[in-house]
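This report introduces a protein structure to a reader who has not met it before. It begins with a pair of packed helices and then turns to the chain as a whole and to particular residues.

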Amino acid sequence: MTNSGSATRSTLEELLGDQGLPGVVVVTAPHCPHCRTVAPIVARVAAANEGRVQVVEVDASQMPEQARAFKVRGTPTLLAARDGVVVARHVGAGGTAEVEGVFAAAAGEGTGGGIGTTNRRLRTLAGAALLAIALFAGNWLLATIGVAF
């Protein structure tokens, strides 16, 4: 999840207007093959969320200042915005689940994808277990893997 500054807030208000709806900003580029892949998925999910979440498309090649304001490093990038703040982001081609997660985050119903709380806790526990075993056994390679896990 990303919390953005005031420059992004003004850019969000500029793009989304004052309709009182949360929004999803889809940053694409005409030369991007992944953008063409995700476009029909975004259109389908946007149609399912019509009236709940507004969608604004930004062409990064035509509007580079908006892309910079949102700290976009790759396309496609989907940004979920609520109350003038970016609450979730997804970068790259994703499936229906990822796109729906961004729309749900904009509507206040989800976290916007990523790894869930349970998965994050399991990974942390597994990493800690590997680190403890490695330190006990004196295996520094395993310790490095445990820390990186």
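In this predicted model, helices H2 and H4 cross with a right-handed sense. The contact between them is made by Val38, Ile41, Val42, Arg44, Val45 and Ala46 on the H2 side, and by Thr96, Val99, Glu100 and Phe103 on the H4 side. Two packed helices are described by the angle between their axes and the distance between the axes. For H2 and H4, the axes come within 10 Å and cross at roughly 45°. Angles from 65 to 115 degrees count as roughly perpendicular and those under 35 degrees as roughly parallel; H2 and H4 are therefore oblique to each other.

**The chain as a whole**

The protein chain contains six helices and four strands. Along the sequence these elements follow the pattern α-β-α-β-α-β-β-α-α-α. The chain has 149 residues, of which 39% count as buried. Among contacts between residues at least 6 apart in sequence, 66% join residues at least 24 apart.

**Helix H2**

Helix H2 covers residues 33–48, a run of 16 residues. From its first C-alpha to its last it reaches 24 Å, close to the 22 Å expected at 1.5 Å a residue. The helix has a kink of about 30° at alanine 39, shortly before proline 40. Buried residues of H2 are Cys35, Val38, Ile41, Val42, Val45 and Ala46. They pack against three strands, namely S1 (23–28), S2 (54–59) and S3 (77–82), and against helix H4 (96–107).

**Helix H4 and the residue that follows**

Helix H4 has 12 residues, which should span 16 Å at 1.5 Å a residue; its end C-alpha atoms are 16 Å apart, in agreement with that value. Val99, Gly101, Val102, Phe103, Ala104, Ala105 and Ala106 are the buried residues of H4. The elements that cover them include S1, H2, S2, S3 and S4. Just after H4, glycine 108 takes a positive phi of about 85°.

Glycine 108 also has a spatial relation to valine 87: the two are 21 residues apart in sequence, and their C-alpha atoms are 9.0 Å apart. Valine 87 belongs to strand S4, which runs over residues 85–91. Why does valine 87 count as buried? Its relative accessible area is 15%, and the cut-off for a buried residue is under 20%.

**Alanine 67 in helix H3**

Alanine 67 lies in helix H3. With a relative accessible area of 8%, alanine 67 is buried. Which residues are in contact with alanine 67, leaving aside its neighbours within four places in sequence? They are Val27, Ala60 and Val72. Alanine 67 can also be paired with threonine 28: the two residues are 39 apart in sequence and 9.4 Å apart in space, C-alpha to C-alpha.

**Backbone features in the loops**

The loop between H3 and S3 holds two backbone features. One is at proline 76, which lies in the loop between helix H3 (64–69) and S3; the peptide bond leading to proline 76 from threonine 75 is cis, with omega near -5°. The other is at lysine 71, placed in the loop between H3 and S3, where phi is near 60°, a positive value in a residue other than glycine. A further positive phi in a residue other than glycine occurs at aspartate 83, with a value near 55°. Aspartate 83 is found in the loop between S3 and S4.

Are lysine 71 and aspartate 83 buried or exposed? Lysine 71 has a relative accessible area of 52% and is exposed. Aspartate 83, at 68% relative accessibility, also counts as exposed. The cut-off behind both statements is a relative accessible area over 50%.

The table sets out the relative accessible areas of the four residues discussed singly above.

| Residue | Relative accessible area | Class |
|---|---|---|
| Valine 87 | 15% | buried |
| Alanine 67 | 8% | buried |
| Lysine 71 | 52% | exposed |
| Aspartate 83 | 68% | exposed |

Terms used. Residues are numbered from 1 along each chain as its sequence is written. This is a predicted model: local features need pLDDT of at least 70, side-chain atom pairs count only at pLDDT 80 or more; totals for chains, interfaces and linings use all residues. Side-chain values use heavy atoms; hydrogens and water are left out. Buried means under 20% relative accessible area, exposed over 50%, partly exposed in between (1.4 Å probe, protein chains only). The expected span of a helix is 1.5 Å times one less than its number of residues. The bend at a residue is the angle between axes fitted to the seven residues ending there and the seven starting there. Contact means heavy atoms within 4.5 Å. Axes are lines fitted to C-alpha atoms, for helices over the stretch in contact, and angles run from 0 to 180 degrees between N-to-C directions. Angles under 35 degrees count as roughly parallel, over 145 as roughly antiparallel, 65 to 115 as roughly perpendicular and the rest as oblique. A crossing is left-handed if the near helix is turned anticlockwise from the far one by less than a right angle, and right-handed if clockwise.
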